[in-house]
Amino acid sequence: MSAATTRSRTPDRLCAEAVDLARKAAEEAAAPGVVGEHVSLVSEGDRVVTHFFECQELGYRGWRWAVTVTRASRAKNVTLDETVLLPGPDALMAPEWVPWSERLRPGDMGPGDLLPTEAEDLRLEPGYSGEDEPPPNSVLAEHPPTHDLAELVEAEDAELTDRRTAIEATNNNGRGQIAALAEELGMRRARVLSRYGLYAAADRWEESYGAKTPMAQAAPASCDSCGFLVPIAGSLRQAFGICANEFSPADGRVVSLAYGCGGHSEAAVMPKPPTPPPPVFDSMAADEFPLRPVRDGGSVPVESDGTTDDLGHS
């Protein structure tokens, strides 16, 4: 270890003694009454020392006011360098910042909130990709309908051309042009659910209202035989439906066909409340309750003859 390194780690005496100067600087930077006791000091280099004071402000537990002082070479006057509030080793810190797109959870959105989707969202795909067009050599392409299809196509192209010119004048990125053209073709949604988005939704619904939930494990039957199940369209109808039982915990939810609850439409009839048995009587006669104890009942002491006691024999 070199001599310069040793000198830099040893606090300068004059800078280390300038505690009052450092405290005054911390009190000027902080609010009144929040600068606590002197905690420690650290040598930052040759003739540079940082003093740490306890921060007593609410919400800043474990934080410290750090005041750095220094002096010039061969000078005895200590000057102020900077004052800053720094966290200590056990300071109360805010959690690491997370982007809103990763913080958002189901149910966080409220009235008026907007949730924009990314242009490259994996859950969505273009609503029209050209795959639905008939091949050039197909029967539909070779034999069009009997009416004059060419005239209709020319008229529609002319109308679309006029609208396209107006759309391009107001939309530089072409997104409005695609939306208007999709609406003309009967496809109002520019993007639809992709296969990835479909599988992600199915996994999410299966986890919330699937066969492995405790409610389904204790159910008398599954939803595929329940009269409250509303079928859905598309490929998901083979595995999911919508519950329409207002007393079910899944009312209005997309449920798996293997899900179930106690509100199944074909559950057993509710048992009648048990009828208490008639009271049992051990005697049909009235019991006598004498006002005075019976002499031969054992509760009344037997009176002895005084003459016999005096003679000493029975």
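Colleague: What makes the nonpolar surface patch in this model, and which residues are in it?

Modeller: Trp100, Leu104, Met109 and Leu115 make a nonpolar surface patch of about 360 Å². Do keep in mind that this is a predicted model.

Colleague: Why is tryptophan 100 called partly exposed?

Modeller: Its relative accessibility is 45%. Partly exposed covers the range between 20% and 50%, so tryptophan 100 counts as partly exposed. Tryptophan 100 sits in helix H4, residues 100-103.

Colleague: Just before H4 there is a loop with glycine 88. Is glycine 88 buried or exposed?

Modeller: Glycine 88, in the loop between strand E4 (79-87) and H4, has a relative accessible area of 15%. Buried means under 20%, so glycine 88 is buried. Its C-alpha atom is separated by 5.4 Å from that of glycine 62, and the two glycines are 26 residues apart along the chain.

Colleague: How do you know that arginine 71 and aspartate 12 meet in a salt bridge?

Modeller: The distance from N to O is 2.9 Å, and the rule asks for a side-chain nitrogen of Lys or Arg within 4 Å of a carboxyl oxygen of Asp or Glu. The pair therefore qualifies as a salt bridge. Arginine 71 is in the loop between E3 and E4, while aspartate 12 is in the loop between helix H1 (3-9) and helix H2 (13-16), so the pair links distant parts of the chain, 59 residues apart. Both arginine 71 and aspartate 12 are buried.

Colleague: How many salt bridges does the rule give?

Modeller: The count comes to 3. Glutamate 17 and arginine 13 meet at 3.6 Å, N to O, and both of these residues are exposed. Arginine 123 and aspartate 121 meet at 2.8 Å, N to O.

Colleague: What makes arginine 123 partly exposed, and why does aspartate 121 count as buried?

Modeller: Arginine 123 has a relative accessible area of 42%, which is in the range between 20% and 50%. Aspartate 121 is at 15%, and the limit for buried is under 20%, so aspartate 121 counts as buried.

Colleague: How do you know that the buried residues of helix H8 line one face?

Modeller: Gly197, Ala201 and Ala202 are buried in H8. Seen down the helix axis, the buried residues fall within an arc of 135°, so they line one face of H8. On the other side, Arg195, Tyr196, Asp203 and Glu207 are exposed.

Colleague: How does the span of H8 agree with its 14 residues?

Modeller: At 1.5 Å a residue, helix H8 (residues 195-208) should span 20 Å. Its end C-alpha atoms are 20 Å apart, which agrees.

Colleague: What is notable about the phi of arginine 74?

Modeller: Arginine 74 has a positive phi of about 65° although it is not a glycine. Most residues other than glycine have a negative phi. Arginine 74 lies in the loop between E3 and E4, and its relative accessibility of 82% is over the 50% limit, so it counts as exposed.

Colleague: Which residues touch the most other members of the largest nonpolar core?

Modeller: Ala26, Val35, Phe53, Trp65, Val67 and Val69 do, in a core of 17 residues. Helix H3 (19-29), strand E2 (48-55) and strand E3 (63-70) each supply at least two residues of this core, and E3 gives the most, with 4 residues.

Key: Residues are numbered from 1 along each chain as its sequence is written. This is a predicted model: local features need pLDDT of at least 70, side-chain atom pairs count only at pLDDT 80 or more; totals for chains, interfaces and linings use all residues. Side-chain values use heavy atoms; hydrogens and water are left out. A nonpolar core is a set of buried Ala, Val, Leu, Ile, Met, Phe, Trp, Tyr and Cys residues joined through side-chain atoms within 4.5 Å. Buried means under 20% relative accessible area, exposed over 50%, partly exposed in between (1.4 Å probe, protein chains only). Patches are made of residues with over 30% relative accessible area and no salt bridge: like charges are joined within 9 Å, nonpolar side chains (Val, Leu, Ile, Met, Phe, Trp, Tyr) within 5 Å. Accessible areas come from the Shrake-Rupley method with a 1.4 Å probe; for residues, only the protein chains shown count as cover. The expected span of a helix is 1.5 Å times one less than its number of residues. The arc is that of the directions from the helix axis to the C-beta atoms.
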